Amino acid sequence: MTAGVGLPDAPRRPARFITLEGGEGAGKSTQARRLAERLHGLGIGTVSTREPGGSPGAEAVRHVLLSGAAERFGPDVEAILFAAARADHVDETIRPALERGDWVICDRFADSTRVYQAEIGTALIDALETVALDGLVPDLTLLLDLPAETGLERARARRGDDAVDRFEKDALALHVARREAFLALARRHPERIAVIDAGAEADAVAEAIWATVAARFGLASGGPAG
Ligand code: TMP
């Protein structure tokens with residue numbers, strides 16, 4: 001028996017907004033898909049999305065950002081473009097889904113800007129967040145944590161002969177600093193951000209994520225592994 005979504009007398013589960021964050025090659029996309037499948041298995045309507053992107057307008061901006069075409073305009077402009085994409089994504093995809101009662105699983109969100117665009121300073125980041133999010137905060141953020149070297153190796157293996165993107169190409173020291181910045185965010189927001197050891201096998205990571213989500217939202221922790 002599933003959760004009874006759609007049955008007339010079933011209490012409606014509140015929609016939830018879950019984000020996955022982490023460095024390069026942390027396995028966020030795979031784990032986001034597995035989490036969505038598992039929620040579906042409980043009869044929970046789920047929308048899977050990603051950043052930069054997630055709406056037609058934001059996907060167009062994604063290409064500009066990840067190709068490196070915006071890099072020459074400097075970090076402020078890049079951050080403004082991430083925020084513009086995010087505002088459209090929130091308005092066109094995330095809020096409508098939550099208002100319908102669907103759960104939203106998003107591969108990267110505002111924490112990525114705090115970490116990757118850190119050099120622009122918190123005042124500008126705060127201002128952009130205010131405009132782009134208009135008060136929307138994830139109910140849960142899963143931080144997939146692993147050493148930067150391991151993540152970059154995985155990302156390289158996955159990419160094969162494809163060109164390295166705008167941010168993956170940065171120096172190892174910067175990736176190490178980003179890992180630390182994500183962990184610092186988790187320490188600052190322990191009520192929202194759960195740190196998951198992403199260095200383990202994919203099945204073990206999926207189980208750790210499911211245990212966290214199930215406990216946080218009062219879901220049955222058993223059921224078919226995703
Ligand atoms: P991904 O598809 O591998 O997650 O790549 C997205 C890249 O964009 C990744 O290198 C992180 C970067 N990024 C930012 O720099 N700022 C942001 O706000 C977001 C969402 C992503």
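Over residues 20-209 the chain is 56% helix and 13% strand, and the C-alpha atoms at the two ends of that stretch are 10 Å apart; by helices and strands I mean DSSP runs, with H or I over at least four residues for a helix and E over at least two for a strand, numbered from the N terminus. The stretch 20-209 is the one that an unreviewed UniProt entry annotates as "domain: Thymidylate kinase-like", and such annotations, given here in the numbering used for this model, may be inferred rather than shown by experiment.

Before I go on, please keep in mind that this is a predicted model, in which local features need pLDDT of at least 70 and side-chain atom pairs count only at pLDDT 80 or more, while totals for chains, interfaces and linings use all residues. Residues are numbered from 1 along each chain as its sequence is written, and side-chain values use heavy atoms, with hydrogens and water left out.

Turning to the whole protein, there are eight helices and five strands, and from the N terminus on they run β-α-β-α-α-β-α-α-β-α-α-β-α. Why can we speak of agreement with a compact globule? Because a compact globule of 226 residues would have a radius of gyration near 17 Å, and the protein has 17 Å, where the radius is taken over C-alpha atoms and the rule is 2.2 Å times the number of residues to the power 0.38. Along its principal axes, the C-alpha trace spans about 55 × 35 × 35 Å.

Buried residues, meaning those under 20% relative accessible area with a 1.4 Å probe and protein chains only, make up 47% of the 226. If we take contacts, that is, heavy atoms within 4.5 Å, with a separation of 6 or more, then 77% of them join residues 24 or more positions apart.

Now to two individual residues, beginning with Asp 107, which is found in strand S3, residues 103-107, and which counts as buried because its relative accessibility is 10%. Leaving aside neighbours within four places in sequence, Asp 107 is in contact with Leu 20, Lys 28, Ser 29, Thr 49, Arg 50 and Glu 51; Lys 28 is 79 residues away from Asp 107 in sequence, yet their C-alpha atoms are 6.4 Å apart.

The other residue is Ala 32, in helix H1, residues 28-41, which at 8% relative accessibility also counts as buried. Not counting residues up to four places away in sequence, Ala 32 touches Leu 20 and Ile 105, and its C-alpha lies 8.6 Å from that of Thr 19, 13 residues away in sequence.

Note on methods: Buried < 20%, exposed > 50% of the residue type's maximum accessible area, 1.4 Å probe, protein only.
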